[in-house]
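Student: I'm new to this one. Could you walk me through it, a bit at a time?

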Amino acid sequence: MKMKKECTHFSALMMHYISTRNVRIADLAAYCHYDRATLYQIIRGKRAPVDQAQVKQFVIYLKLNLAQQEELFGAYYECLYGPQAYRTIFG
């Protein structure tokens with residue numbers, strides 16, 4: 001499945017949070033019960049997150065504050081629905 005252009009924001013946020021927290025990809029993958037290749041695909045924007053539960057696992061492991069959580073979930077929904085629909089649905 002080719003990633004939509006709109007999913008690049010989610011990917012960029014994941015890269016930012018991982019790098020600023022010095023998180024090892026292998027550790028995050030183990031916590032989320034994913035193989036590293038799958039997680040790298042999500043982080044690099046080649047694959048979309050599967051569902052909200054997956055995004056929630058990222059949030060917990062990365063210890064994101066409320067504003068960061070909202071930003072990451074917003075990027076996830078934008079990826080799912082597209083930017084226009086996201087703005088229409090979520091304002």
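Tutor: Sure, one term up front: a polar contact is a pair of N or O atoms within 3.5 Å; within protein, one must be able to donate a hydrogen and the other to accept it, and residues adjacent in sequence count only if both atoms are side-chain atoms. This is a predicted model, where local features need pLDDT of at least 70, side-chain atom pairs count only at pLDDT 80 or more, and totals for chains, interfaces and linings use all residues. Residues are numbered from 1 along each chain as its sequence is written, and side-chain values use heavy atoms, leaving out hydrogens and water.

Student: At the start of helix 4, which residue's backbone nitrogen does a side-chain oxygen of Asp51 reach?

Tutor: Helices are DSSP runs (H or I, at least four residues), numbered from the N terminus. At the start of helix 4, that Asp51 oxygen comes to within 3.2 Å of the backbone nitrogen of Ala53.

Student: Which residues in helix 4 are buried, and why do they sit on the same side?

Tutor: Buried means under 20% relative accessible area (1.4 Å probe, protein chains only). The buried ones cover an arc (directions from the helix axis to the C-beta atoms) of only 145°, so they share one side of helix 4. They are Gln54, Val55, Phe58, Val59 and Leu62.

Student: What does Met14 touch, not counting residues up to four places away in sequence?

Tutor: Contact means heavy atoms within 4.5 Å. By that rule, and skipping those sequence neighbours, Met14 touches Leu28, Phe58, Leu62 and Leu72.

Student: Just after helix 4, what phi does Lys63 take?

Tutor: Look just past the end of helix 4. There, Lys63 has a positive phi of about 55°.

Technical notes. Buried means under 20% relative accessible area, exposed over 50%, partly exposed in between (1.4 Å probe, protein chains only). Helices (H or I, at least four residues) and strands (E, at least two) are DSSP runs, numbered from the N terminus.
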